[in-house]
Amino acid sequence: MALTIARDRAETIGALEQLDTRLLWLSSWMIHNANHIREKTDGMKIGGHQASCASMTAIMSALYFHALGPNDKVAVKPHAGPVLHAIHYLLDNQSLDRMQRFRGLGGVQSYPSRTKDTIPVDFSTGSVGLGVAVTAFTSLVQDYLIAHGQVKAEDAGRMIALMGDAELDEGNIYECLIEGYKHDLRNCWWIVDYNRQSLDATTADRMFRRFDDIFETCGWRVVTLKYGKLQQAAFKKPGGKSLEEWIDGCPNAEFAALTYQGGAAWRARLIADIGGKPNVQKLLDSYDDDALARLMTNLGGHCIESLIEAFDGAQDDKPTLFIAYTVKGNGLPLAGHKDNHSGMMNPAQMAGFRASLGIAEGQEWEKWGGLGDNLAAQLQAFVTDSPIARAKAEPAAPAVPVPARLPVPEGAEQSTQAAFGRVLLDLAKSGEPLADRIVTTAPDVTQTTNLGAFVNQRGLFRRQELADVFHKAKIPSAQKWAQHAAGQHIELGIAEHNFFLMLTSLGLAAPHFGTRLLPVGTVYDPFIARGLDALNYGCYQDSRFLLVGTPSGLTLAAEGGAHQSINTPLIGMGQPNLTTFEPAFADEVALMMRWAFDHMQADDGSSVYLRLTTRSITQAAREDDAWEADALAGGYWLRKPAPGADAAIAFSGAVAPEALAAWEQLADDLPGLGLLNVTSPDLLHRGWSARRAARWNGAAAAPCHAETLLSALAPGAGLVTVLDGSPGALSWLGGVKGMRVSPLGTDRFGQTGNLPDLYRTYRLDAEAIADAAAELFLDN
């Protein structure tokens with residue numbers, strides 16, 4: 001039995017070593033083909049990262065073809081994307097055509113992409129650090145789903161990040177570590193390709209021990225794979241201890257330089273430094289130059305046996321950091337050179353590499369090129385029998401039914417923020433299936449963004465129950481913060497990157513776990529910019545969530561400029577896969593939230609952003625619901641213009657009272673004056689852009705909604721646009737029908753003050769709107 005196990009293990013190691021070499025070749029050749037063989041039509045560099053791939057091939061061979069379980073998910077180091085595609089090429093999931101079009105239109109993407117690549121990609125990567133941290137939040141989402149009975153505990157998988165050591169410089173990783181510790185993170189592996197070379201330099205030597213300290217303090221197990229089995233065997237020989245001590249003390253930059261120089265340089269340096277110590281000379285003499293080079297670069301991250309031992313030894317749910325020492329460019333002529341990050345082999349070097357593998361010219365794309373039939377068959381059988389070959393496709397999650405209408409909060413005067421909180425509370429009490437799938441989160445602003453009532457009703461999520469101490473002590477408090485496994489709010493610390501990564505992970509529950517969540521996250525509107533990279537990252541993966549930015553703009557008044565958002569309407573308009581609304585009235589909030597919950601589940605849907613305010617205003621009187629369809633399309637006439645009218649005021653959001661007051665003031669002087677409520681500059685602009693693009697892409701050139709609205713005015717009419725945000729969000733409306741525009745908005749940092757003073761100072765009040773109209777229409 002023991003002999004059988006040993007033989008099976010030896011066969012596994014042998015197969016994985018062959019796959020390591022195969023991945024090294026295919027990833028290198030794919031990059032070489034794109035840069036040196038494929039026809040170039042623009043003269044631009046195509047690029048790729050052969051050296052960054054080379055340092056990862058053994059790690060990915062051991063992980064994908066040995067350690068990976070059926071429910072594990074992996075975020076791959078961006079620059080190792082070609083290795084991932086090579087893996088799926090061996091699995092027959094990736095086509096030769098796409099490999100040949102690496103970094104070309106319709107081909108393999110530069111970095112793994114859920115939405116642009118055709119192979120299974122669990123997490124998009126590319127923005128450094130975010131693909132690492134997202135795995136921790138996805139593990140927390142898995143715990144949430146297990147606690148809520150939507151995933152079986154026995155089906156839990158590991159969330160794994162393959163990362164370069166330079167990514168450890170990213171601050172969001174340490175924000176994530178802290179949040180993970182608060183939430184008792186588990187089932188998470190981070191595997192560091194510790195090649196000690198970044199784009200510009202080698203990694204600081206003194207950082208190695210600090211990573212141990214930082215991660216262990218946050219509850220992680222740290223496994224260091226520094227030495228491969230060849231080195232470990234050498235250390236046990238006479239003179240080996242001196243060699244080990246020399247390696248431990250060798251600066252990273254010098255190790256890299258000697259690696260590039262090769263065996264003779266290693267020998268000269270070792271003899272100069274430790275050759276006089278007992279038995280060292282004899283030890284070195286037992287290796288020729290090539291063997292000595294192999295020994296000195298036989299680090300743990302390149303040793304298949306060391307890797308599978310480490311992975312097999314971490315089979316509990318404790319979060320684990322694997323620090324795998326590697327050589328950047330290992331196995332290539334680029335190995336160790338400080339410029340190898342963007343460097344690549346020239347044709348002569350590639351030809352030599354091909355010859356060393358026995359691959360015939362013209363057979364470069366063969367899966368098992370250069371191998372004999374027997375070995376090729378054995379490797380094919382090994383790959384076919386690997387767990388990843390039997391991995392299931394991402395499941396299709398059933399839709400969550402959404403009520404035909406959501407109740408509109410009552411009240412003659414309301415703010416959009418208060419209306420949002422009330423709609424959520426009514427849902428929490430409703431018993432609708434939708435309410436059970438809503439999960440809320442916020443970066444320490446739950447109460448101040450009006451999530452409190454929902455949380456009081458549904459509770460905070462925590463795997464281990466924790467009572468509300470104040471409530472138990474009968475101390476009066478508006479907050480009932482009982483924490484338990486059935487809770488539906490995930491409270492986060494005040495770090496917006498964590499917030500957006502949590503939203504991203506929650507919004508990917510459907511494809512990742514086959515069960516749908518409808519995440520709602522609130523953040524102070526100006527602080528969206530703090531997490532913009534992570535927001536973009538989530539949208540790029542087509543994660544689905546409802547983002548609520550509130551309060552917004554100068555309307556926050558006494559909080560001052562640091563808390564007053566200016567450019568968030570432009571952020572919402574410019575962000576792909578995010579549909580943005582800025583409602584003015586409570587019934588608009590209810591309408592848009594209902595639409596958002598539906599749109600988040602649609603095949604062609606997206607995430608949704610609501611920009612809200614704390615300003616309480618008089619609500620619009622409605623005669624019927626005819627306005628609703630237009631509001632969801634981006635805008636509607638709050639006061640319809642007379643046919644062929646020469647003027648209109650267009651507004652968004654909180655400045656509705658000022659726009660209405662200005663309309664009333666100007667109506668006698670400008671007969672037929674219209675008042676346009678732009679509920680979504682984003683949708684209006686997107687429709688206009690699509691209308692223009694139809695000229696070039698052959699689509700039907702139907703009028704866009706902005707054209708339809710503005711067609712009610714006379715040609716050459718004038719528009720005053722006004723919103724509590726960048727004027728650029730609305731000033732473009734003049735281009736739709738060639739109209740004159742006088743744009744109002746905030747394009748300066750705000751300050752403290754009461755609302756009338758700030759609106760007057762920053763020209764958002766009714767008088768400013770009337771002046772802008774006079775400037776346009778009365779030539780004053």
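Two strands are counted as paired if DSSP finds at least two bridges between them. The exercises below apply this criterion to a predicted model.

**Exercise 1. Work out how strand E19 is placed between its partners, and whether its residues are mostly buried or exposed.**

Step 1. Start with the bridges on either partner: five of them join E19 to strand E20 (residues 740-744), and these two strands run parallel. Seven bridges join strand E17 (residues 645-652) to E19, again in a parallel arrangement.

Step 2. Fix the register with one residue pair for each partner. Val 722 has Leu 744 as its bridge partner in E20, while Ser 652 of the neighbouring pairing has Leu 723 as its bridge partner in E19.

Step 3. Turn to burial, for which the cut-off is a relative accessible area under 20%. Nine of the 11 residues of E19 (residues 713-723) are buried, so the strand is largely enclosed by the rest of the structure.

**Exercise 2. Reconstruct the sheet to which E19 belongs, and say which strands stand at its edges.**

Step 1. The strand order is E16-E18-E17-E19-E20, which describes an open sheet of five strands with mixed pairing.

Step 2. The edge positions fall to strand E16 (636-639) and E20, each of which has a single partner strand, so one side of each is left without a neighbour in the sheet. On average, and with direction ignored, neighbouring strands of this sheet are turned by 25 degrees against each other.

Step 3. Now add the pairing of E17 with strand E18 (residues 674-677), which consists of four bridges and is parallel; here Phe 651 stands opposite Asn 677 in E18. Helix H28 (residues 656-666) packs on the sheet and touches E16, E17 and E18, with its direction making about 160 degrees with that of E17.

**Exercise 3. Describe the sheet formed by E1 to E5, and identify which helices lie across it.**

Step 1. Five strands form this open sheet in the order E1-E2-E3-E5-E4, and the pairing is parallel. Strand E1 (73-75) and strand E4 (221-225) stand at the edges with a single partner strand each, so one side of each has no neighbour in the sheet. From one strand to the next, the twist averages 15 degrees.

Step 2. Within this order, strand E3 (residues 188-194) is joined to strand E5 (residues 320-325) by six bridges, the two strands running parallel, and Ile 191 has Phe 322 as its bridge partner in E5.

Step 3. Place the helices. Helix H3 (residues 57-67) lies across E1, strand E2 (159-164), E3 and E5, and runs at about 175 degrees to E2. Helix H15 (residues 304-312) lies across E3, E4 and E5, and its angle to E4 is about 170 degrees.

**Exercise 4. Locate the positions that UniProt annotates as "binding site", and decide whether Asp 165 and Asn 195 are buried or exposed.**

Step 1. The UniProt record, an unreviewed entry, places the feature "binding site" at Asp 165, Asn 195 and Gln 197.

Step 2. Asp 165 is found in the loop between E2 and helix H7 (171-182), and Asn 195 lies in the loop between E3 and helix H8 (207-217).

Step 3. Compare each accessibility with the 20% cut-off for burial. Asp 165 has a relative accessible area of 4% and is therefore buried; Asn 195, at 6% relative accessibility, also counts as buried.

Step 4. Leaving aside residues up to four places away in sequence, Asn 195 touches Ser 55, Lys 77, Asp 165, Thr 326, Val 327 and Lys 328, so that one annotated position is in contact with another.**Exercise 5. Determine how E14 is paired and which way its side chains point.**

Step 1. Four bridges join strand E12 (residues 546-549) to E14 in parallel, with Val 608 as the bridge partner of Leu 546. Strand E13 (residues 578-581) is likewise joined to E14 by four bridges and runs parallel to it, and Thr 579 has Val 608 as its bridge partner.

Step 2. Follow the chain from E13 through helix H26 (residues 586-599) to E14, a β-α-β crossover that is right-handed.

Step 3. Ser 607, Tyr 609 and Arg 611 point one way from E14, whereas Val 608 and Leu 610 point the other way, and all are buried. Five of the five residues of E14 (residues 607-611) are buried, so the strand is largely enclosed by the rest of the structure.

Conventions: Residues numbered from 1 in each chain as written. Predicted model: local features only at pLDDT ≥ 70, side-chain atom pairs only at ≥ 80, totals over all residues. Heavy atoms only, no water. Axes fitted to C-alpha atoms, helices over the stretch in contact; angles between N-to-C directions. Contact = heavy atoms within 4.5 Å. Buried < 20%, exposed > 50% of the residue type's maximum accessible area, 1.4 Å probe, protein only. UniProt positions renumbered as here; feature names shortened; annotations may be inferred. Right-handed = clockwise from strand over helix to strand, strands pointing away.
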